[in-house]
Amino acid sequence: MDTSTLFRLDGRVALVTGGSRGIGKMIAAGFIAQGAKVYVSSRKAAACEETAAELGPDCIPLPADVSTVDGCRALAAALGEREERLDILVNNAGAAWGVAFEEFPESGWDKVMDLNVKSPFFLTQSLHGLLKAAGAERVAKVINITSIDGQRLNPWDTYSYHASKAALIYLTKRLAARLIRDGIAVTSIAPGAFASEMNRAARDHGDAVGKSIPAGRIGGDEDMAGAAIYLASRAGDYVVGETITVDGGLVHASLGVSIDG
């Protein structure tokens, strides 16, 4: 048994949505370090180009708006003009919305559910041919970025976000059951507190947030990259339909409040 290249991604082609910043950028950088060619996509072309310039020649900007089905199909078509296969798809683009229950708007429901649940499904569907082409040679990967907010409650009024991430965790299982027959393994990563535009508390008050986490800190770039590399590489080929929680123990290693007087 040779494990020396178990986590390498040499020659692999990846697409990371929401890849110009935050968790998506952490994953893109990790993949590139392991030898992959990575397309980073987000709505803002300038942000994609800036990230590509920072991460080097193996990072290619491919801006797109995946908040609509047409946008998903356009991104798939653009990638298809450049590549004959796609080895790794990371569905990371997402949105959150927090408003009191009494005032929570339909727009805040639809935007979050569309981008967080509908878009991963239709982008994966649109890229099925390229993923299947890769899966014919070795296992292709779809990695959905979910959240611990799909596994447990937070104290904020993020109704559609909670619902969307729980839905994506279950959609991961359903897609996995269908796509494994095509040589495509679907999994998800449920991050906890990582510094990002979406999690400004972790970004701006990391030390304070870290005190409430069993591991004693918020997540770092290597924590997220490591989990994604594992799932994307040969090391994760036999992991199908699973959600890996990367949160320093917040969900599964937190002690409950005692009621024993």
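Helices here are DSSP runs of H or I with at least four residues, numbered from the N terminus. The model is predicted.

**View 1. A seven-stranded open sheet, paired in parallel.**
The strand order is β3-β2-β1-β4-β5-β6-β7. Strands β3 (59-61) and β7 (243-246) stand at the edges. Each has a single partner strand, so one side of each lacks a neighbour in the sheet. From one strand to the next, the twist averages 20°. In general, the strands of a sheet pair through backbone hydrogen bonds, either parallel or antiparallel.

**View 2. The β1-β4 pairing.**
Strand β1 covers residues 13-17, and strand β4 covers residues 88-91. The two run parallel and are joined by three bridges. Look for A14 of β1: its bridge partner in β4 is I88.

**View 3. Helices α6 and α9 against the sheet.**
Helix α6 (residues 159-179) packs on the sheet. It touches β5 (140-145), β6 (184-191) and β7. The direction of α6 makes about 165° with that of β6. Helix α9 (residues 221-232) lies across β4, β5, β6 and β7. Helix α9 runs at about 165° to β6.

**View 4. Helix α3 packed with helix α4.**
Helix α3 spans residues 69-80, and helix α4 spans residues 106-126. They pack at an angle of about 35°. Their axes are 9 Å apart. The crossing of α3 past α4 is right-handed. On the α3 side, V69, C72, R73, L75 and A76 make the contact. On the α4 side, the residues are K118, S119, F122, L123, Q125 and S126. By class, the contact has six nonpolar, three polar and two charged residues.

**View 5. The largest cavity and its lining.**
One cavity of 30 Å³ or more is counted. The largest cavity has a volume of about 30 Å³. Its lining consists of T17, V66, N91, A93, L115, S119, P120 and L123. Helix α4 gives the most to this lining, with four residues. Five lining residues are nonpolar and three are polar. No charged residue lines the largest cavity. S119 and L123 link this view to View 4: both line the cavity, and both belong to the α4 side of the contact with α3.

Key. Residues are numbered from 1 along each chain as its sequence is written. This is a predicted model: local features need pLDDT of at least 70, side-chain atom pairs count only at pLDDT 80 or more; totals for chains, interfaces and linings use all residues. Side-chain values use heavy atoms; hydrogens and water are left out. Axes are lines fitted to C-alpha atoms, for helices over the stretch in contact, and angles run from 0 to 180 degrees between N-to-C directions. A crossing is left-handed if the near helix is turned anticlockwise from the far one by less than a right angle, and right-handed if clockwise. Contact means heavy atoms within 4.5 Å. Ala, Val, Leu, Ile, Met, Phe, Trp, Tyr, Cys and Pro count as nonpolar, Asp, Glu, Lys and Arg as charged, and the others, Gly among them, as polar. On a 1 Å grid over the protein atoms alone, a cavity is a set of points where a 1.4 Å probe fits but cannot get out, and a pocket is an open set with protein on both sides within 12 Å along at least five of seven lines; lining residues have an atom within 4 Å of a point. Grid points are joined across faces, edges and corners, and a volume is the space filled by probe spheres set on the points. Two strands pair if DSSP finds at least two bridges between them.
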